[in-house]
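Let us sit down with a protein model and learn to read it together. A learner asks, and a teacher answers.

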Amino acid sequence: SIRAVTPQHLLERSQRLRRQWRNFTLLAKNYGQWTTIRDWVSVDEHGQPTPWYTYPTTEFLSHLDLSIFKVFEFGSGNSTLWWSDRARQVTSVEDDRYWYDQIKSSLKNENVDYRLETDKKKYFSMTDDGFDIFIVDGKYRRECLEHVVQIARGRGVMLILDHSDWYPTSLRVLTDHLGCVQTAFH
């Protein structure tokens with residue numbers, strides 16, 4: 001079937017395209033998304049490392065004073081570099097030798113304890129109750145979460161589970177055993 005193109009139709013289409021272009025420009029320039037996509041490395045608008053979390057998550061965290069907190073990351077990356085500029089101490093465990101070497105060469109702050117661990121049991125049990133913020137963004141997510149649940153019980157901690165929508169069973173562990181309040185950033 002042939003559809004008639006009216007001036008109103010063209011105007012509406014033009015307005016939608018302008019809004020899409022404005023949105024693209026905002027993300028590409030103001031949030032560094034163009035460079036992130038082009039170079040496949042997560043950076044902000046100034047080319048500085050940023051976690052590969054959703055933009056609302058990073059925006060929220062950027063407004064907090066994190067300088068007194070100790071952070072433990074399961075899995076590393078530009079988030080390790082980002083946290084090292086904001087937290088008192090960062091401990092990160094990585095299981096991939098290539099990725100470990102990539103990030104290790106970029107570390108500049110002395111507040112980072114960066115570890116390579118390929119053994120599954122050692123990997124998820126490398127943390128203790130001395131941390132305030134836990135990030136689970138690596139291998140063995142369920143085991144890492146179960147371990148964090150054991151050591152964080154009864155304490156106020158922040159836990160970031162990247163791609164939490166991929167792990168609904170793990171989310172139930174957190175709400176059932178820690179009474180966590182989930183805040184989803186899309």
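The dialogue below goes from the overall fold to the salt bridges.

Q: Before we start, what kind of model is this?

A: This is a predicted model, so please keep that in mind throughout.

Q: How many helices and strands does the protein chain have, and in what order do the elements run?

A: A good habit is to list the elements from the N terminus on. Here the secondary structure comes to eight helices and five strands. Their order is α-α-α-β-α-β-α-β-α-β-α-β-α.

Q: How does the radius of gyration of the protein chain stand against that of a compact globule?

A: The idea is to set the chain beside a globule with the same number of residues. For 186 residues, a compact globule would have a radius of gyration near 16 Å, whereas this chain has 20 Å. Along the principal axes, the C-alpha atoms fill a box of roughly 65 × 40 × 35 Å.

Q: What share of the residues is buried, and how much area does the chain expose?

A: A residue is called buried when its relative accessible area is under 20%. Buried residues are 36% of the 186 in the chain. The area exposed is about 11,800 Å², and carbon and sulfur atoms supply 52% of that.

Q: Now the charges: how many salt bridges are there?

A: Look for a side-chain nitrogen of Lys or Arg within 4 Å of a carboxyl oxygen of Asp or Glu. By that rule the count is eight salt bridges.

Q: Which parts of the chain does the pair Lys139 and Asp95 link?

A: First, the bridge itself: the closest N and O atoms of Lys139 and Asp95 are 3.3 Å apart. The pair links distant parts of the chain, 44 residues apart. Lys139 lies in the loop between β4 (133-136) and α7 (141-152), while Asp95 is in the loop between β2 (89-94) and α5 (97-104). Lys139 is partly exposed because its relative accessibility is 43%, whereas Asp95, at 16%, counts as buried.

Q: Arg38 forms a salt bridge with Asp39; is Arg38 buried or exposed?

A: Exposed, at 52% relative accessibility. Asp39 is partly exposed, at 41%. The closest N and O atoms of this pair are 2.9 Å apart.

Q: Which residues are linked in a network of salt bridges?

A: Bridges that share residues can be read as a group. Here Lys120, Arg142, Glu143 and Glu146 are linked in such a network. Within it, the side chains of Glu143 and Arg142 meet at 3.6 Å, N to O. Glu143 is buried, at 15%, and Arg142 is partly exposed, at 44%.

Note on methods. Residues are numbered from 1 along each chain as its sequence is written. This is a predicted model: local features need pLDDT of at least 70, side-chain atom pairs count only at pLDDT 80 or more; totals for chains, interfaces and linings use all residues. Side-chain values use heavy atoms; hydrogens and water are left out. Buried means under 20% relative accessible area, exposed over 50%, partly exposed in between (1.4 Å probe, protein chains only). Helices (H or I, at least four residues) and strands (E, at least two) are DSSP runs, numbered from the N terminus. The radius of gyration is taken over C-alpha atoms; the globule rule is 2.2 Å times the number of residues to the power 0.38. Accessible areas come from the Shrake-Rupley method with a 1.4 Å probe; for residues, only the protein chains shown count as cover.
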